Amino acid sequence: MSITPLMPVYPRCDVRPVEGDNCHLITEDGTRYLDFAAGIAVNLLGHSHPGLIGAIQDQAARLMHVSNLYGSPQGEALAQRLVDKTFADTVFFTNSGAEAVETAIKVARAYHQHVGNDEKFELITFKNAFHGRTMATISASNQEKMHKGFNPLLPGFKYVDFDDLEGVKAAIGPNTAGFLVEPVQGEGGIRVASKEFMQGLRKLADEHDLMLVLDEVQCGVARTGTLYAYEQFGIIPDVMATAKGIGGGFPMGACLATEKAARGMVFGTHGSTYGGNPLAMAAGMAVMDAVANDEFLAEVRAKGERLRSRLEQFIGNYPDLFESVRGMGFMLGIKMKAEPRPFMQHLRDHHQLLTVAAGDSTLRLLPPLVIEDAEMDEFIEKLSAGAADYEVPAES
Ligand SMILES: *Cc1c(COP(=O)(O)O)cnc(C)c1O
């Protein structure tokens with residue numbers, strides 16, 4: 001037998017972490033890595049946050065799981081917190097980002113079908129989007145590398161260029177139910193939508209009675225310097241998926257909606273065994289306690305600005321390697337003139353710095369939001385050393 005016990009769907013590298021220490025990871029062999037990947041935008045409180053650890057430990061000892069057939073004081077409290085802090089009137093808890101997006105797709109379809117508009121089932125989505133790995137969420141993306149081997153896809157998605165409002169207008173038809181969009185494309189390469197585009201989608205949704213569905217699984221939960229990124233575009237969505245950072249490392253997600261948008265989500269239409277269980281709710285509440293306040297968010301914006309201006313200065317030293325810095329808050333990307341993956345590997349293997357490669361030749365920088373100046377200094381040192389001794393591979 002040659003297949004590995006872990007199904008071999010990930011090209012795993014040799015870094016084998018066994019312990020976390022705030023913004024660092026320590027591997028089996030004792031090597032320390034500076035973590036600018038943060039579990040891909042998950043560990044926003046780092047790896048040693050006492051509030052998060054304590055909340056999970058206490059809740060684990062009291063009550064980990066009960067069925068959603070019972071009342072949920074823990075779920076009500078976190079849902080109320082999210083309702084208070086966002087556009088939403090109601091929340092469905094999931095265990096992952098893909099499930100949160102799946103729920104959002106169902107909410108958008110049910111909005112129309114609940115009143116008999118059965119023909120309005122199609123969501124307009126955007127090229128190079130990433131919405132997860134379930135059948136519906138891969139169908140929502142045009143990326144063929146995610147489709148291969150899994151046909152047929154789920155019908156009901158139409159792909160348009162990101163940030164192309166004219167393209168959206170042309171794509172709207174009798175079957176259109178709404179739009180599904182990441183305000184900042186993460187995996188697609190830290191591409192920030194323009195304000196005009198996001199406001200244009202809102203306007204089109206209002207004019208045609210369509211659902212504006214945001215995928216803030218990566219850019220949400222304080223990552224961009226506001227609790228959710230949509231706040232910075234001057235719009236509110238009808239439906240939004242959130243996950244990744246919301247549990248700070250505990251697997252959970254949520255679909256948020258307005259009362260109007262959720263009109264089809266009545267008894268029996270949706271469910272999840274684990275979704276919103278007391279342990280997940282304790283983790284989510286600890287994260288909200290830490291990040292959903294003006295002081296924390298202002299810190300993220302200020303620190304993100306400092307890091308960004310240092311990066312902008314730095315890339316000027318290597319005009320052949322780097323093109324530009326983009327993103328918002330601590331969701332930053334360096335657009336490269338070379339392939340980002342070998343450079344990411346070089347930083348990892350020779351300078352103990354963890355980053356994430358993304359689409360559109362972009363290196364993603366997603367540090368824990370609790371990072372301090374000392375770690376930013378360490379980051380710039382490692383990045384500078386990595387750029388200085390990097391040789392672009394010949395065949396790339
Ligand atoms: C990661 C991600 C998802 C999928 O989340 P999972 O927890 O891996 O299912 C969906 N949308 C976006 C924008 C993401 O970055």
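Here is a short back-and-forth about this predicted model and the reasons behind the labels put on parts of it.

Me: What makes the overall size of the protein agree with a compact globule?
Reply: The chain has 396 residues, and a compact globule of that length would have a radius of gyration near 21 Å. The protein has 21 Å, so the two agree. Along the principal axes, the C-alpha atoms fill a box of roughly 65 × 55 × 55 Å. Inside that box you'll find 12 helices and 17 strands, and 53% of the residues count as buried.

Me: How do you know that contacts join residues far apart in sequence?
Reply: Take the contacts between residues at least 6 apart in sequence: 71% of them join residues at least 24 apart.

Me: Which lysine carries the pyridoxal phosphate annotation, and where does it lie?
Reply: That's Lys-244, which an unreviewed UniProt entry annotates as "modified residue: N6-(pyridoxal phosphate)lysine". Lys-244 lies in the loop between strand E11 (239-242) and strand E12 (253-257).

Me: Why is Lys-244 called partly exposed?
Reply: Its relative accessible area is 22%. Buried would need under 20% and exposed over 50%, so Lys-244 with its 22% ends up as partly exposed. Leaving aside neighbours within four places in sequence, Lys-244 is in contact with Ile-40, Ala-41, Val-42, Val-217, Gln-218 and Met-252.

Me: And what makes Tyr-10 exposed?
Reply: Tyr-10 has a relative accessible area of 61%, and the label asks for over 50%, so exposed it is. You'll find Tyr-10 in the segment before strand E1 (17-21). Together with Met-7 and Val-9, Tyr-10 forms a nonpolar patch on the surface, with about 410 Å² of accessible area. For the whole protein, the accessible surface comes to about 17,800 Å², and 51% of that belongs to carbon and sulfur atoms.

Me: Why is the Glu-122 and Lys-158 pair called a salt bridge?
Reply: The closest N and O atoms of the pair are 3.8 Å apart. The cut-off is 4 Å, so the pair qualifies. As background, side chains of opposite charge can pair when their charged atoms come close. A search of the whole structure finds 18 salt bridges.

Me: What makes Glu-122 buried but Lys-158 partly exposed?
Reply: Glu-122 is at 14% relative accessibility, and anything under 20% is buried. Lys-158 is at 32%, between the 20% and 50% limits, so partly exposed is the right label.

Me: How do you know that Asp-377 and Arg-310 link distant parts of the chain?
Reply: Asp-377 sits in helix H12 (residues 373-388) and Arg-310 in helix H10 (residues 294-315), 67 residues apart. Their side chains meet in a salt bridge at 2.7 Å, N to O. Asp-377 has a relative accessible area of 34% and Arg-310 is at 30%, so each one counts as partly exposed.

Me: Why does Arg-348 count as buried, and what is Asp-349 called?
Reply: Arg-348 is at 12% relative accessibility, so it counts as buried, given that the limit is under 20%. Asp-349 has 42%, so this residue is partly exposed. The side chains of Asp-349 and Arg-348 meet in a salt bridge of 2.9 Å, N to O. Elsewhere, salt bridges that share partners join Arg-202, Asp-206 and Asp-238 into one network.

Terms used: Residues are numbered from 1 along each chain as its sequence is written. This is a predicted model: local features need pLDDT of at least 70, side-chain atom pairs count only at pLDDT 80 or more; totals for chains, interfaces and linings use all residues. Side-chain values use heavy atoms; hydrogens and water are left out. UniProt positions are given in the numbering used here, feature names are shortened, and annotations may be inferred rather than shown by experiment. Helices (H or I, at least four residues) and strands (E, at least two) are DSSP runs, numbered from the N terminus. Buried means under 20% relative accessible area, exposed over 50%, partly exposed in between (1.4 Å probe, protein chains only). Contact means heavy atoms within 4.5 Å. Patches are made of residues with over 30% relative accessible area and no salt bridge: like charges are joined within 9 Å, nonpolar side chains (Val, Leu, Ile, Met, Phe, Trp, Tyr) within 5 Å. Accessible areas come from the Shrake-Rupley method with a 1.4 Å probe; for residues, only the protein chains shown count as cover. The radius of gyration is taken over C-alpha atoms; the globule rule is 2.2 Å times the number of residues to the power 0.38.
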